[in-house]
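The following exercises are intended for a reader who has a sequence and a three-dimensional model at hand. Please attempt each task before reading its solution.

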Amino acid sequence: MSDGVIVVGAGLSGLACAVRLHRAGMPVRVLEASDGVGGRMRTDVVEGFRLDRGFQVFNTAYPEARRVLDLKALDLRSFASGLLVFHEGGRERVMLPWRHPEHALSGALADVGSVRDKAALAAMTARDLAVPGSWVRDGAERDTSEELRHWGISEEMIEKLLRPFLAGVLLERELETSSRFFHLIWRSFARGTICVPARGMGRVPEQLAARLPDGAVSLGTPVRRITDEGVETGSGEGIDAGTVVIAADPAGAAELEPEIEAPVMRPVTTFYHVAPESPLKEPVQILDAEGIITDTLVLTDAAPEYSPDDRALISTSVLGIDTGEALVRDRLTEIYGDTADWRHIASYRVEAALPAMPPPLPLRRPVRLRTGRYICGDHRDTGSIQGALVSGRRAAEAILADLT
């Protein structure tokens, strides 16, 4: 049996695990079933346009991302720290006043809740900014809907602002996600900047993969089963390894290891349209308070590199995988105006985009299955880039602790 480590899956968590092991001097090989690294975080180039596989953003406040990634090399392009809320045919602007003081008055006057609501939201945000992350993680837990009401936020503000915003973040409208995760995410939005790498979200896992030795990542190599000696690939080849890390998607991990219970996964569809020019001309996300879509934004207003020329690339997301492009186009016409000269370039229907995180939510699930067998993925921590990176590091550290 080999002393090396096999990591099954070249998603964000598997790559983070492999990089940590490699830096510690551990021989490691990553086996990936698909034709590229990244898992759910990949970028396709279609007609010169960079299309992330489902709308994703990078948050500069994620501490693990800041620790393990070279943010400068990612060449990040920022979105505005705020939102436009589309409701009853009009837009309400809500921006973080400490980031956009020029819009402080518009936020105060926005028709998204009462003065009392805005004071309650400000108090909650101030608390989340001030306290340590460990305090947030260990706080009282309820679902997000109950938590917002606990803070004195009215149904009006929930319906006009918070439910539409969180639907796009949590991929669910009932606000049944754990309040612990909600506060961690809310804190990160208040602290960080939302952005994308200039050349697509796929640059994040590609940067990690580049830190591994040549030949360490084997693409097009699915793993059929875990054996006592290591793994057996889809072609029937046996690869010996004393240590195996399962970093596949949750459903794939459960197939490889029956004791793993795959979480419920949230589906989402992202539609990409190309327009002759930007219909908005500012890098800000638009929420649909009436729920036909979740959100839409002109990606090229923030990252012109997503287009091969001066045309605009618009990303629009809808919960689930059953909505047709015609319905989405009708809603976009209401939001942006005439879309007759827009062209639908691609749709990504992602059935397993994000793990459901209702309470009680353990923010740290075990990564050690038994001697020599480990698991990582955002379903072992939190459904986020932060959670994926942390789970990879935790798995690597568990291996190093067991082997040294």
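The exercises below concern a predicted model, and each is followed by a worked solution.

**Exercise 1. The annotated span**

Task: State which residues UniProt assigns to the feature "domain: Amine oxidase", and describe that span in the model.

Solution. Step 1: The unreviewed UniProt entry places this feature at residues 12-400. Step 2: In the model, the C-alpha atoms at the two ends of residues 12-400 are 19 Å apart. Step 3: Helix makes up 34% of the span and strand 25%.

**Exercise 2. A sheet of three strands**

Task: Determine the order of the strands in the open sheet that contains S5, S6 and S9, and identify the edge strands.

Solution. Step 1: Begin with the pair S5 and S9. Strand S5 comprises residues 58-59 and is joined to S9 by two bridges, the two strands running antiparallel. Phenylalanine 58 is opposite cysteine 195 in S9, and asparagine 59 has isoleucine 194 of S9 as its bridge partner.

Step 2: Turn to the other pair. Strand S6, residues 76-78, is linked to S9 by three bridges, again in an antiparallel arrangement. Here arginine 77 is opposite valine 196 in S9.

Step 3: Combine the pairs. The order of the open sheet is S5-S9-S6, with antiparallel pairing. S5 and S6 each have a single partner strand and therefore stand at the edges, with one side of each left without a neighbour in the sheet.

Step 4: Examine the side chains of S9, residues 194-197. Ile194 and Val196 point one way, while Cys195 and Pro197 point the other way, and all are buried.

**Exercise 3. The surroundings of valine 231**

Task: Decide whether valine 231 is buried or exposed, and list its contacts.

Solution. Step 1: Locate the residue; valine 231 belongs to strand S12, residues 230-233. Step 2: Valine 231 has a relative accessibility of 1%. A residue is called buried under 20%, so valine 231 is buried.

Step 3: Leaving aside residues up to four places away in sequence, valine 231 touches Ile6, Val8, Leu31, Val223, Arg225, Ile226, Glu237, Gly238, Ile239 and Val244. Step 4: One of these contacts, isoleucine 6, is 225 residues from valine 231 along the chain, yet their C-alpha atoms are separated by 8.2 Å.

**Exercise 4. A cavity and a pocket**

Task: Describe the largest cavity and the second largest pocket by volume and by lining.

Solution. Step 1: Recall the principle. Rolling a probe the size of a water molecule over the atoms reveals where empty space remains.

Step 2: Consider the cavity. The whole structure holds one cavity of 30 Å³ or more, and the largest cavity has a volume of about 50 Å³. Its lining includes Pro263, Met357, Arg365, Asp378 and His379. By class, the lining of the largest cavity has five nonpolar, two polar and three charged residues.

Step 3: Consider the pocket. The second largest pocket has a volume of about 340 Å³. Of its 19 lining residues, Tyr62, Pro63, Arg137, Leu184 and Gln386 lie nearest its centre. Helices H6 (133-137), H9 (179-191) and H14 (385-403) are the elements that each give two or more residues to this lining. H9 gives the most, with six residues.

Step 4: Classify the pocket lining. The second largest pocket is lined by eight nonpolar, six polar and five charged residues.

Note on methods
Residues numbered from 1 in each chain as written. Predicted model: local features only at pLDDT ≥ 70, side-chain atom pairs only at ≥ 80, totals over all residues. Heavy atoms only, no water. UniProt positions renumbered as here; feature names shortened; annotations may be inferred. Helix = DSSP H or I, 4+ residues; strand = E, 2+ residues; numbered from the N terminus. 1 Å grid on protein atoms, 1.4 Å probe; cavity = no way out; pocket = protein on both sides within 12 Å on 5 of 7 lines; lining within 4 Å. Points joined across faces, edges and corners; volume = space filled by probe spheres on them. Nonpolar A, V, L, I, M, F, W, Y, C, P; charged D, E, K, R; others polar. Buried < 20%, exposed > 50% of the residue type's maximum accessible area, 1.4 Å probe, protein only. Pairing = 2+ DSSP bridges. Contact = heavy atoms within 4.5 Å.
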